Amino acid sequence: MPETVENKEYKYALCLVDIKVLGTRTFSYLIPDNLKKDIKIGQPVMVPFGFGKGRMIKAYIVGFSDYLEEGIKAKYIDEILENEALFDLEYLKVLEWVANYYFSDLPTVLKTALPEKFFAKNLKNYRKPNKELKVLKTRKTSKTNTLTEEQQKVYEDIKKVNAKTSLLYGITGSGKTEIYFELIEDTINEGKNVLFLAPEIALVSQLTNRTIKRFGKSSVGIWHSSISEAEKYKVWQKLRNDEIKILFGARSSVFAPIKNLGLIIIDEENDPAYKQTMPAPRYSAIEVAKKLAELNGARVILGSATPDIKSYYEAKNSNSLFILNHRYNNAPLPKVQMVDMRLERGLGNNGIFSKYLIDEINKTVKNKNQVILLINRRGFSSYTQCLSCSTVVECPKCAIPLIYHSASNSHRCHYCNYEIKNLTKCPKCEEEGTLENFGTGTQRVEEIAGKIFPDMKIQRLDSDNLTKKNEHFEILDAFNKGEIDILIGTQMIAKGLDNPNVTLVGVINADLSFNLPDFRSSERGFSLLCQVAGRSGRGKEEGKVIFQTYNNSNIFLDKAREQDYDSFFENEIEIREAFDYPPFSKIIRIILSSDNNFRAEKSAMEISMRLKDWIDKQSLSERLIVMGPAPCVLEKIRGEYRFNLIVKNKLDEKGHNIILSFLRKIILPNDIKMVVDIDPMDIL
């Protein structure tokens with residue numbers, strides 16, 4: 001229940017406001033006597049702000065006090081806008097934990113958690129949603145799948161074990177979702193509610209579709225960044241009234257105010273999309289979900305065919321690991337073939353499709369089956385280079401090549417959205433007609449596929465071509481109905497697709513994800529290839545997968561071909577232990593940036609030296625290891641030069657608090673920015 005002041009009439013209320021010039025801040029206001037018995041945490045109120053007479057703004061009550069710092073003269077709250085609080089004390093506790101753990105401030109976290117329009121002056125300005133989400137038009141069906149013997153045992157074991165967090169590891173197509181459904185049904189029968197997270201919006205739609213067929217739509221809700229503010233407000237009201245039993249969503253839905261929470265399911269828990277990298281707070285939805293479950297006495301079920309190394313290690317060592325080794329109804333895993341593209345070049349084939357892949361696509365579609373093609377890069381090409389002076393066309397604000405997009409005839413930066421349209425001459429030597437596009441993206445694959453397979457229905461699915469509401473759902477619905485022969489996409493199509501008519505998956509360049517200078521690159525590459533391979537052969541016909549590669553000696557690529565997670569884990573965990581990477585430490589990344597390269601480097605060196613001295617004085621240098629400073633892999637982003645420090649924390653919460661207490665004391669010059677990323681998903 002929201003905190004009131006019925007038993008103690010506080011003098012001041014701490015109010016959160018959002019001011020264009022100042023941003024989101026908190027200020028103290030006097031509580032008028034006539035409001036003291038009604039005021040609660042989470043209520044929207046009107047307060048005076050600034051020096052102009054009668055200027056009122058909207059604010060939220062986030063705390064109470066009887067004291068103010070000396071010299072501060074507080075004004076009175078003008079009125080309470082709504083009697084019912086929009087959030088309660090328990091909700092605020094989660095947000096305070098997020099602010100403390102992720103080195104942020106409460107106003108920033110609260111603004112992230114609340115729908116944007118909650119900061120408008122009048123909530124009544126909300127319009128009703130124009131259109132219902134298409135997935136919510138799904139009808140309930142009476143057909144349900146019976147659990148296999150293996151699924152039934154795993155389900156019963158999960159119920160027996162008293163673990164706060166459990167990991168369900170099942171190979172692709174093993175039927176993890178059916179076990180989720182049994183656990184959901186049990187939770188609802190107990191009178192409690194369920195939060196179901198998925199990493200991609202497209203996957204949220206697929207899972208919602210399947211859930212409505214099983215449970216009906218009356219108590220199902222959706223929450224993610226692609227639904228409108230009006231829709232979000234409608235869901236918010238239903239959650240507040242306890243009308244939603246199963247809430248589906250992507251990362252941000254972990255902040256939805258679901259009541260009476262009994263179960264949190266996090267599907268594809270290894271996916272990096274669960275971590276917000278920018279802007280602050282740079283939170284992990286998985287860690288927030290665990291805290292949410294702890295405060296609500298709920299259980300967390302993590303699920304994946306390629307679990308996060310840390311999750312697998314922890315589950316394995318806490319007897320909370322549950323494994324599905326077989327596909328549903330014992331369907332075989334698809335056979336994976338590797339094609340060495342260097343040999344193709346030697347035979348005169350310089351294209352992006354091997355002869356073998358072309359032949360298999362023709363056979364598949366001729367047999368009335370469907371194809372998925374993965375290329376984990378958006379756009380038409382990877383970079384554009386002048387053949388005259390060898391200049392690579394780069395973003396002027398970021399030290400990275402611009403990506404060419406053929407549909408809009410533009411070169412675009414995927415970091416700052418800088419764009420040049422209709423570029424015809426080299427920006428350096430200014431010669432016309434010398435620019436050549438190199439590398440491969442989804443648009444180029446789509447264009448070339450259209451020329452090779454002119455009679456086939458081809459569709460691309462990536463974030464560049466999802467411009468309309470419900471478009472991702474419409475594309476996947478058409479694919480499931482057999483209206484598309486070849487679906488081309490990025491990692492968006494690698495997870496969750498359960499189309500029994502897909503019998504061929506082709507990966508255009510299987511090496512891409514392994515080539516990043518990051519300690520998680522092997523894990524990401526392995527996971528992506530195993531996940532997309534698992535889309536093939538989920539029906540009655542046996543599936544086939546083709547990895548096109550320029551380096552078939554990569555040991556992790558070989559493990560992905562064998563779809564052998566256990567062997568991959570054993571190799572990877574040895575490397576992690578040798579270098580003190582997670583799960584053997586927790587990483588804190590500190591990035592110093594400035595538009596002046598020298599100033600950024602100098603600041604990073606000074607902070608590094610002071611931090612190392614701070615740690616040495618406490619004799620903790622073997623448990624808190626500071627690496628750097630060094631230029632970031634992406635040295636310049638949005639016009640700022642970047643240097644980073646990496647702290648390997650082997651002291652858990654104690655180490656975390658020591659580092660953050662040091663960082664909170666730092667006062668930076670105006671031209672220097674500092675970003676602190678807790679548990680970063682990459683160090684690029």
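1. Helices and strands are DSSP runs, numbered from the N terminus, where a helix has at least four residues and a strand at least two. With that naming in hand, L512 can be placed in the loop between β22 (502-507) and α13. Please keep in mind throughout that this is a predicted model. L512 has a relative accessible area of 17%, and because buried means under 20%, L512 counts as buried although it sits in a loop. The C-alpha atoms of L512 and L624 lie 33 Å apart in space, while 112 residues separate the two along the sequence.

2. L512 leads on to the subject of cavities, since L512 is one of the residues that line the second largest cavity, together with others including L374, N376, V507 and L529. That cavity holds about 70 Å³ of space, and its lining divides into seven nonpolar and three polar residues, with no charged residue present.

3. What is the volume of the largest cavity? It comes to about 400 Å³, and the count for the structure is three cavities of 30 Å³ or more. The lining of the largest cavity is made of 25 residues, and those that lie nearest its centre are S284, E287, D308, K310 and R520. The elements that contribute two or more residues to this lining are α7 (285-296), α8 (309-316) and β24 (586-594). By class, the lining of the largest cavity has 11 charged, 10 nonpolar and four polar residues, whereas the lining of the second largest cavity has no charged residues.

4. The aromatic residues deserve a careful look, as the whole structure contains 26 aromatic pairs. In one of them, the ring centres of Y101 and Y102 are 4.8 Å apart and the ring planes stand at 85°, so the pair is classed as edge-to-face. Both Y101 and Y102 are buried. The pair formed by F526 and F568 is stacked instead, with 4.1 Å from centre to centre and 0° between the planes. Because F526 belongs to helix α13 (residues 521-533) and F568 to helix α15 (residues 565-578), this pair ties together parts that are 42 residues apart in sequence. F526 and F568 are both buried, and they also belong to a cluster linked by ring pairs, whose other members are Y169, Y312, F556, Y565 and F569.

5. A ring can also have a charge over it, and here K648 lies over the face of Y581, at 4.1 Å from the ring centre.

6. Three further residues show how place and accessibility can be read together. E90 is found in helix α1 (residues 89-101) and is partly exposed, with a relative accessible area of 36%. The side chain of E90 makes a polar contact of 3.2 Å with the side chain of K93, and the C-alpha atom of E90 is separated by 9.8 Å from that of P257, which is 167 residues away along the chain. L247, in strand β9 (residues 246-249), is buried at 0% relative accessibility, and its C-alpha atom is 6.0 Å from that of F196, although the two residues are 51 apart in sequence. Q370, in strand β14 (residues 370-374), is also buried, with a relative accessible area of 2%, and a polar atom of the side chain of Q370 lies 2.7 Å from the backbone oxygen of F479.

7. Finally, some parts of the backbone should be checked against the usual pattern. Most residues other than glycine have a negative phi, and most peptide bonds are trans. Which peptide bonds are cis? One joins P582 and P583, with omega about 15°, and P583 lies in the loop between α15 and β24. Another runs from G628 to P629, with omega near 15°, and P629 has its place in strand β25 (residues 624-637). As for phi, D242 has a positive value of about 60° although it is not a glycine; D242 lies in the loop between α6 (229-240) and β9 and is partly exposed, at 29% relative accessible area. N319, likewise not a glycine, has a positive phi of about 55°. N319 is found in the loop between α8 and β12 (321-324), and with a relative accessible area of 65% N319 is exposed.

Notes. Residues are numbered from 1 along each chain as its sequence is written. This is a predicted model: local features need pLDDT of at least 70, side-chain atom pairs count only at pLDDT 80 or more; totals for chains, interfaces and linings use all residues. Side-chain values use heavy atoms; hydrogens and water are left out. On a 1 Å grid over the protein atoms alone, a cavity is a set of points where a 1.4 Å probe fits but cannot get out, and a pocket is an open set with protein on both sides within 12 Å along at least five of seven lines; lining residues have an atom within 4 Å of a point. Grid points are joined across faces, edges and corners, and a volume is the space filled by probe spheres set on the points. Ala, Val, Leu, Ile, Met, Phe, Trp, Tyr, Cys and Pro count as nonpolar, Asp, Glu, Lys and Arg as charged, and the others, Gly among them, as polar. Buried means under 20% relative accessible area, exposed over 50%, partly exposed in between (1.4 Å probe, protein chains only). A polar contact is a pair of N or O atoms within 3.5 Å; within protein, one must be able to donate a hydrogen and the other to accept it, and residues adjacent in sequence count only if both atoms are side-chain atoms. Rings of Phe, Tyr and Trp (its six-membered ring) pair if their centres lie within 6.5 Å; planes under 30 degrees apart count as stacked, over 60 as edge-to-face and the rest as tilted. A charge sits over a ring if NZ of Lys or CZ of Arg is within 6 Å of the ring centre and within 35 degrees of the ring normal.
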